[in-house]
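Please open the model in your viewer and keep the sequence beside it, since this tour moves from one selection to the next. Each stop names what to select and then says what is there.

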Amino acid sequence: AATSPSGAGAILRVRERNAMPFTTDVQTMTKVGMERLLGHMEGPGPGRVTLYLPPASLPSIPTLLAGTDPELADEVARKADDTWSGAAVFLSADQAYVIAPPFPIRAESRSDGWDGAPLRALLARRYLLGVVLLRLGAYAVGVLDGDELVASKAYTRYVKGKHHAGGWSEQRFARRREKQMRELFDEAGEVARDRLTPYERRLDYIFLGGERLTLLAFRKRCPYLERLAVEIAPRILEVERPNRGALEGIPREVWKCRVTLVRRA
């Protein structure tokens with residue numbers, strides 16, 4: 001089985017064994033954990049290559065890794081093909097780290113050795129972010145300037161749970177529930193417009209958090225977000241309960257990196 005990087009600070013781990021000859025170890029790391037891992041990894045070494053790839057460059061990985069192990073290069077390409085932010089690839093003769101950073105890589109580069117400087121620069125950048133957290137019954141909206149919460153509002157509004165009685169009773173219940181959901185979405189949309197409008201010309205990204213299907217329904221009901229000339233990150237932030245505390249702790253979630261270690265078995 002693959003070995004966890006020393007001092008990586010992982011907070012989520014999924015391990016899988018592929019068809020030979022590779023094993024894969026996937027970890028989700030905080031910003032601190034990622035910086036610690038880079039300190040552990042960086043430097044020269046036999047066969048070491050570093051790639052920084054914007055999303056549009058991901059299909060070119062096998063070409064960019066020409067002259068390395070073609071099987072390993074193909075495996076790296078498979079592990080990096082579904083990320084919104086591009087990938088930082090640290091490859092050696094028998095293993096590779098494929099890192100999906102929290103924000104998109106903008107410039108393509110290749111260098112010898114393992115060079116973490118561009119990734120460190122990305123992690124050090126100060127972003128202005130809009131955040132909308134939503135689950136049925138509660139929402140929280142905020143603006144993050146770096147890790148500082150500079151605007152926020154959170155509210156709880158009752159929404160009935162599912163009803164399985166059947167017949168007219170169930171239909172009446174469903175209508176009331178749909179009305180409560182619309183009211184929740186409309187109120188959350190108004191709060192989003194109120195809190196984000198003063199910053200909207202400077203926002204780098206908007207992040208959504210909560211339950212995916214609920215957020216999809218909310219976006220259909222909230223034309224303000226769709227009209228904004230700000231990219232909505234496709235990565236859904238994990239949040240148990242949208243409230244002020246969730247907003248204050250959300251920078252940790254925003255800055256997560258996904259680290260995939262591919263090794264020869």
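Begin by selecting strands β8 and β9, which form a hairpin with two residues between them; in the turn, Gly146 has a positive phi of about 65°. Strands here are DSSP runs of E with at least two residues, helices are DSSP runs of H or I with at least four residues, and both are numbered from the N terminus. Before going further, note that this is a predicted model, in which local features need pLDDT of at least 70 and side-chain atom pairs count only at pLDDT 80 or more, while totals for chains, interfaces and linings use all residues. Residues are numbered from 1 along each chain as its sequence is written, and side-chain values use heavy atoms, with hydrogens and water left out.

**The hairpin of β8 and β9**

Keep both strands selected and look at how they are joined: β8 and β9 run antiparallel and are connected by eight bridges, where two strands count as paired if DSSP finds at least two bridges between them. In general, the strands of a sheet pair through backbone hydrogen bonds, either parallel or antiparallel. To see individual partners, select Leu144, which stands opposite Leu149 in β9, and then Ala140, whose bridge partner in β9 is Ala154. Colouring by accessibility adds another view, because β8 is mostly covered, with seven of its eight residues buried; buried means under 20% relative accessible area, exposed means over 50%, and partly exposed lies in between, using a 1.4 Å probe and protein chains only.

**On to β7**

Next, add strand β7 (residues 128-135), which is joined to β8 (residues 138-145) by eight bridges, the two strands running antiparallel. Two pairs are worth selecting here: Arg135 has Ala138 of β8 as its bridge partner, and Leu134 stands opposite Tyr139 in β8. β7 and β8 also form a hairpin with two residues between the strands, and in this hairpin Gly137 takes a positive phi near 105°. Is β7 buried or exposed? Seven of its eight residues are buried, so β7 is largely enclosed by the rest of the structure.

**The whole sheet**

Now select strand β10 (residues 205-210), which pairs with β7 in the parallel sense over six bridges, and find Leu133 standing opposite Gly209 of β10. With this strand added, you can follow an open sheet of four strands in the order β9-β8-β7-β10, whose pairing is mixed. The edge strands are β9 (148-156) and β10, each of which pairs on one side only. Neighbouring strands of this sheet are turned by 15° against each other on average, direction ignored; such angles run from 0 to 180 degrees between N-to-C directions, and the axes are lines fitted to C-alpha atoms, for helices over the stretch in contact.

Then select helix α8 (residues 244-254), which lies across β7, β8, β9 and β10 and runs at about 130° to β9. Contact here means heavy atoms within 4.5 Å.

**A pocket and a cavity**

For the next stop, select the residues that line the second largest pocket, among them Tyr52, Pro104, Arg106, Leu119 and Tyr127. A pocket is an open set of points on a 1 Å grid over the protein atoms alone, with protein on both sides within 12 Å along at least five of seven lines; a cavity is a set of points where a 1.4 Å probe fits but cannot get out, and lining residues have an atom within 4 Å of a point. About 170 Å³ of space lies in the second largest pocket, and helix α4 (residues 117-124) gives the largest share of its lining, four residues.

How many cavities of 30 Å³ or more does a search of the whole structure find? The search finds one, and about 40 Å³ of space lies in this largest cavity. A volume is the space filled by probe spheres set on the grid points, which are joined across faces, edges and corners. Select Lys79, Val98, Ile99, Arg258 and Thr260, which are among the residues lining the largest cavity; β5 gives the most to this lining, with three residues.

**A last look**

Finally, select Leu37 in helix α1 (residues 31-41), which counts as buried at 0% relative accessibility. Add Gly116, and you have two residues 79 apart along the chain whose C-alpha atoms are separated by 9.7 Å. Zooming out to the chain, you can look over eight helices and 11 strands, and 49% of the 265 residues count as buried.
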